[in-house]
Amino acid sequence: MQIRTDLGTRVELVSMDPHCHDATIGLYRRETADGPVGIVHSYSSVAGIAKRLGFLAEAMCVLGGLERVEGDDATVRLPCRTWHNAALKRLFLDCFRVDPSTAPEVKPLEAPDTRSEQLIRVEPVGGGRYRVGATDVPEGDDSRAPAIARALVRLAQLEEVDETTVGFPCGERHDALIGALLVRAQNLRAALREEELTASRGVLTAPSAQE
Amino acid sequence: MTAAMTSRERVLAALHGEPVDRTPLVNPTSVATVELMDLVEAPFPDANREPELMARLAATGHTELGFDSIMPVFSIIQESSAIGCRIQWEQKDNWPTVKMTEPIFERSEDIRIQDDWMDHPDAQCVLEAIRILRREYPDVAVIGKTMGPWSQAYHSFGVEKFLLMSLDDESATKDVLDRLKRLTVEYGIAQAEAGADAVTLPDHATGDLVSGEYYKRYLQEMHAEFAEQIPIPIILHICGRTVDRMGYIAETGMAAFHYDSKNEPGESMEAVGGKIRLVGNVNNPQTLYAKGAEDVKDEVRKNLEAGVQMIGPECAIPLQTPIESLRAIREAVVEFHGLN
């Protein structure tokens, strides 16, 4: 194999895929005449790597509502033909959590809040916007909806419309993607900590800076 | 400019302060990444311990990234392992490190280096990798690495203990450095004999913890000794802000100083006053790892415009660094010189 110069810009990398012999797998963004596409790629030649790349691309389609690009099992794009970088980075990482022996399943637009008894719902309101609501809020407690909306803005760099409404800049619906993001938005701190840990791993520090 | 040179000629000329046909791309420290490990099937930690894998992974710096040098000593622990330090070898996606919380020496008198310390497999691995690379890449500069005594002291005494010693007891500190320096010299000479064209000599008297005056007091003279005793050009590597000691470093007789992005190229060139060549400075964590190719090119151009003699990353690059960012280093040099 040779270095590919047609991949475009790397968006995210998983250094060691536990489901495929610790292969390193990346998501790359390439510009095309039809808008940006995402390429799931690895330089590894371990057994099963092509199938694994196909599975991850499929998981991105199911979990995030992306579409396959014809003629390539590992190339996907958003139906809006734009690119939501932060959201797709997160989606790509979450695809590695899917058990490869099962088929990926789209996430619903509601989920029980992990930090309260509330049920969080995300409702499309048009123009690529989603309103976050909460039910079963105990009397005297604050709704978790504004916090979840802020987390979605931070996690996926969505536009903040008002306290509980967020929007994709493209103005298009992305129900599957917002459902996938909702799961992670409920524990934003853990998601950000995971990102920090990933970013610091593999950075060589001087002995004087090592713990 | 001289007629077209081989990579090896270009690097050696730059190290000796002689004319070159274009600015060489030199990596005094590692440019290995996890993607390159996959490409050539030479992953960490094995690529730190098996010479064939070490050589194969290191060669990608030249074959895939376009550097004029190949540097196979990815980590800073080979000698420490050979003298008995405990090593955390880690996995493919992280660096092996010395377990400095488990020091092997307490006092300078404890330092006992066996005469056959270089027979240890982790020391031999580097020598054999250099032999392989010398054989397979006769026209590319092969750069080895021999750790300085200050770094070795961190590894074998623990950082905190050694730093406190350097504050409290000058005599004991100098004794430690004196007893450890034979590792540096012997390994440097062995790598020269194995075929290395130059050696990087990391000695982590870093800007954040050690002042310029401490460098002068403890290391300047010793580094000058290394320059006399090791028969190939030495590239000194010290991380951090080091402008305060660059003048001292320039007096050691070493060939080049591998400098950090915390120092501006212009002020650094001024500080060394033409007495030593500079290499490095392209920022790792912010630029190469996290920004795009254009930002990488901007930093390279800044060095070229300041007259820095060799271009490369400031230190061992993060293992997740994108390949497109690394290839941008060469593209920037080629564009600057108006070459294809």
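Okay, so let's start with a hairpin: in chain A, β6 and β7 form one, with six residues between the two strands. Keep in mind that this is a predicted model. β6(A) covers residues 110–112 and β7(A) covers 119–126, and the two run antiparallel, joined by three bridges. If you want a spot to click on, try Ala111(A), which sits opposite Ile120(A) in β7(A).

Now stay on β7(A), since that strand has another partner. It pairs with β8(A), residues 129–135, again antiparallel, this time over seven bridges. One pair to look at there is Val122(A), whose bridge partner in β8(A) is Val132(A). And what sits at the turn? This hairpin has two residues between its strands, and Gly127(A) takes a positive phi near 65 degrees.

Right, let's move to the earlier part of chain A. Here we get an open sheet of five strands, and the order is β1-β2-β3-β5-β4, with antiparallel pairing. The edges are β1(A), residues 9–17, and β4(A), residues 67–68, so to speak the two ends of the row: each of them pairs on one side only. As a general reminder, strands of a sheet pair through backbone hydrogen bonds, either parallel or antiparallel. At the β4(A) end, the neighbour is β5(A), residues 75–77, with two bridges between them. Glu67(A) stands opposite Arg77(A) there.

So which helices go with this sheet? Helix α1(A), residues 49–64, packs on it and touches β1, β2, β3, β4 and β5 of chain A. Its direction makes about 145 degrees with that of β3(A). Then there's α2(A), residues 85–95, lying across β1, β2 and β3 of chain A and running at about 15 degrees to β1(A).

Zooming out: chain A has five helices and 10 strands in total. Its radius of gyration is 18 Å, close to the 17 Å that the globule rule gives for 211 residues, so chain A is as compact as a globular protein of that length. In terms of burial, 39% of those 211 residues count as buried. And of the contacts in chain A with a separation of 6 or more, 54% are between residues 24 or more positions apart.

Last stop, the partner chain. How many residues of chain B are in contact with chain A? It's 31, and they meet 21 residues of chain A. On the chain B side, α2 (34–40), α6 (149–157) and α14 (323–336) each supply at least two residues. The largest share, four residues, comes from α2(B). By type, that side of chain B splits into 15 nonpolar, nine polar and seven charged residues.

Definitions and conventions
Residues are numbered from 1 along each chain as its sequence is written. Chains are lettered from A and ligands numbered from 1 in the order in which they are written. This is a predicted model: local features need pLDDT of at least 70, side-chain atom pairs count only at pLDDT 80 or more; totals for chains, interfaces and linings use all residues. Two strands pair if DSSP finds at least two bridges between them. Two residues are in contact if their C-beta atoms, placed from the backbone, lie within 7 Å. Axes are lines fitted to C-alpha atoms, for helices over the stretch in contact, and angles run from 0 to 180 degrees between N-to-C directions. Ala, Val, Leu, Ile, Met, Phe, Trp, Tyr, Cys and Pro count as nonpolar, Asp, Glu, Lys and Arg as charged, and the others, Gly among them, as polar. The radius of gyration is taken over C-alpha atoms; the globule rule is 2.2 Å times the number of residues to the power 0.38. A residue is buried if 20 or more other C-beta atoms lie within 10 Å of its own, exposed if 12 or fewer, and partly exposed in between; C-beta atoms are placed from the backbone.
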